[in-house]
Amino acid sequence: MQWETVIGLEIHAQLSTQSKIFSGSATTFGAEPNTQASLVDLGMPGTLPVLNAEAVRMACKFGLAIDAEIAEKNVFARKNYFYPDLPKGYQTSQMDHPIVGKGHLDITLEDGSTRRIGITRAHLEEDAGKSLHEDFHGMSGIDLNRAGTPLLEIVSEPDIRSAKEAVAYVKAIHALVRYLGICDGNMAEGSLRCDCNVSVRPKGQAEFGTRAEIKNVNSFRFIEKAINHEVQRQIELIEDGGKVVQETRLYDPNKDETRSMRSKEEANDYRYFPCPDLLPVVIEQSFLDEVRASLPELPGQKRERFEREFGLSTYDASVLSASREMADYFEQVNATCGDAKLAANWVMGELSSLLNKESLDIEQSPVTAEQLGGMILRIKDDTISGKIAKMVFEAMAAGEGSADEIIEKKGLKQVTDSGAIEAMLDEVLAANAEQVEQYRASDEAKRGKMFGFFVGQAMKASKGKANPGQVNQLLKKKLEG
């Protein structure tokens, strides 16, 4: 039987506000445990929450960016459950009247095709604290610093059909919230977390299968692995005569498996009711107009501009616009060298390889955009070849100065003097007289392979400094003359 995967994702993005959603406590990551939790965060009697206006602004920014409906009136509710890191015994969230309604996001897949994923809603809520299970001699510690940090929970429609599509969607959300400046997207610190709702159904069947929710997956790689494992588990379970149970599961990256955590709760299990301490939030059109005017160029808009303005392929434009920092770096390189295609190749090639190898973000690049642009200028004016440029790039990355300084210091200028190149070629051909005879006696197909040998010998003789275009042109003339 052929199976179809159905995936819906819930992404929790911690909003980058200076204080919590209902109190003035700081939201700085990494502070000493329980030093950033106020009486309001702890739910002490007599305290009242005050809504953070900046969290509302950020939620509206996101809603406008996904072309969603923004609720003129939205309401906070209490979601009741008991857990040690939830000091109030309830979480203040939004249920029936979320701030952001239906919207959509277009994602680009590996083959360059695009898909539109529906977004059901995005609502504001407060984060819970954190249970710590290490170094407490069999007990758990509770850190309430995170309690009350503003979250935007982004709920997709069940439109995703594979683990790769799920990763593409999460990456698109990740890029968008960073472009908007509403979330730092640091998954390792828990700033962006994902719950994956996964089910399978026979291909062609209209009804959805029973879903399992994989909770709190915090990396793109783990999202893909967790979904793939869960899909396989469900298919094998059904084909062996079993039934999928609606439940919450955890992904264990060490064992590459999901395991049952608890049975899946329904909304009525949480006894939602409107929060009596918070008035409904009314969004005025003038406020929305102000937020809309503050929106930056969004990833999709930037990608389209890169294609239109610079003639880049959809793939190249997608990679370069994947983060605001990468896009800014590329544009600075291009502004310096005036060659978008070369700039794209170097940013996506040597630079990205260096950053991956050193585990650096592009903001930490040891080669500035101006330095890289300056080096590309030296390729364009034939001062250096592409091969020598890689040596120059490595030297720049090691902090040896600008491209011009390195070229001068190391004597790396390309030889473009035709007379000097011809003299060097004569020596190469004289040293390989037998191969020259074989070349001239060969047919066109064999000549193609042998020609590469002569080019290699010539470049070796010039220590890579001879202009490759001139070498090819003059060599062809000499061999066939």
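## Exercises: strands, sheets and a helix pair

S5 and S6 form a hairpin with five residues between them, and glycine 112 in the turn has a positive phi of about 90°. Keep in mind that this is a predicted model. Let's work outwards from that hairpin.

**Exercise 1.** Work out how S5 and S6 pair, and which residues lie on the covered face of S5.

*Solution.*
- Step 1: get the pairing. S5 and strand S6 (residues 114–126) run antiparallel, with six bridges between them.
- Step 2: pick out a register. Isoleucine 107 has arginine 115 of S6 as its bridge partner.
- Step 3: split strand S5 (residues 103–108) by face. Gly103, Leu105 and Ile107 are on the covered face, while His104, Asp106 and Thr108 are on the uncovered one.

**Exercise 2.** Place the hairpin in its sheet, and find what packs on that sheet.

*Solution.*
- Step 1: write the strand order. The sheet is open, has eight strands with mixed pairing, and reads S5-S6-S9-S1-S10-S11-S12-S13.
- Step 2: look at the ends. S5 and strand S13 (257–263) are the edge strands, each pairing on one side only.
- Step 3: check the twist. Ignoring direction, neighbouring strands of this sheet are turned by 30° against each other on average.
- Step 4: follow S6 to its next partner. Seven bridges link S6 to strand S9 (residues 150–156) in the antiparallel sense, and arginine 121 has valine 155 of S9 as its bridge partner.
- Step 5: add the helices. Helix H1 (residues 53–65) packs on the sheet and touches S6 and S9, its direction making about 170° with that of S6. Helix H2 (residues 163–180) also packs there, touching S1, S5, S6, S9 and S10, and its direction makes about 115° with that of S5.

**Exercise 3.** Say why one side of S4 and of S14 is left without a neighbour in the sheet.

*Solution.*
- Step 1: the order in this open, three-stranded sheet is S4-S3-S14, with antiparallel pairing.
- Step 2: S4 (90–93) and S14 (273–274) stand at the edges with a single partner strand each, so one side of each has no neighbour in the sheet.
- Step 3: for S4, that partner is strand S3 (residues 77–80), joined to it by four bridges; alanine 77 pairs with serine 93 of S4.

**Exercise 4.** Describe how H5 and H7 pack.

*Solution.*
- Step 1: helix H5 (residues 299–310) and helix H7 (residues 324–337) pack at about 20°, their axes 12 Å apart.
- Step 2: angles under 35 degrees count as roughly parallel, so H5 is roughly parallel to H7.
- Step 3: the crossing of H5 and H7 is left-handed.
- Step 4: H5 brings Lys302, Arg305, Phe306 and Phe310 to the contact, and H7 brings Ala327, Asp328, Phe330, Glu331 and Asn334.
- Step 5: sorted by type, the residues of this contact are four nonpolar, one polar and four charged.

Note on methods:
Residues are numbered from 1 along each chain as its sequence is written. This is a predicted model: local features need pLDDT of at least 70, side-chain atom pairs count only at pLDDT 80 or more; totals for chains, interfaces and linings use all residues. Side-chain values use heavy atoms; hydrogens and water are left out. Axes are lines fitted to C-alpha atoms, for helices over the stretch in contact, and angles run from 0 to 180 degrees between N-to-C directions. Helices (H or I, at least four residues) and strands (E, at least two) are DSSP runs, numbered from the N terminus. Angles under 35 degrees count as roughly parallel, over 145 as roughly antiparallel, 65 to 115 as roughly perpendicular and the rest as oblique. A crossing is left-handed if the near helix is turned anticlockwise from the far one by less than a right angle, and right-handed if clockwise. Contact means heavy atoms within 4.5 Å. Ala, Val, Leu, Ile, Met, Phe, Trp, Tyr, Cys and Pro count as nonpolar, Asp, Glu, Lys and Arg as charged, and the others, Gly among them, as polar. Buried means under 20% relative accessible area, exposed over 50%, partly exposed in between (1.4 Å probe, protein chains only). Two strands pair if DSSP finds at least two bridges between them.
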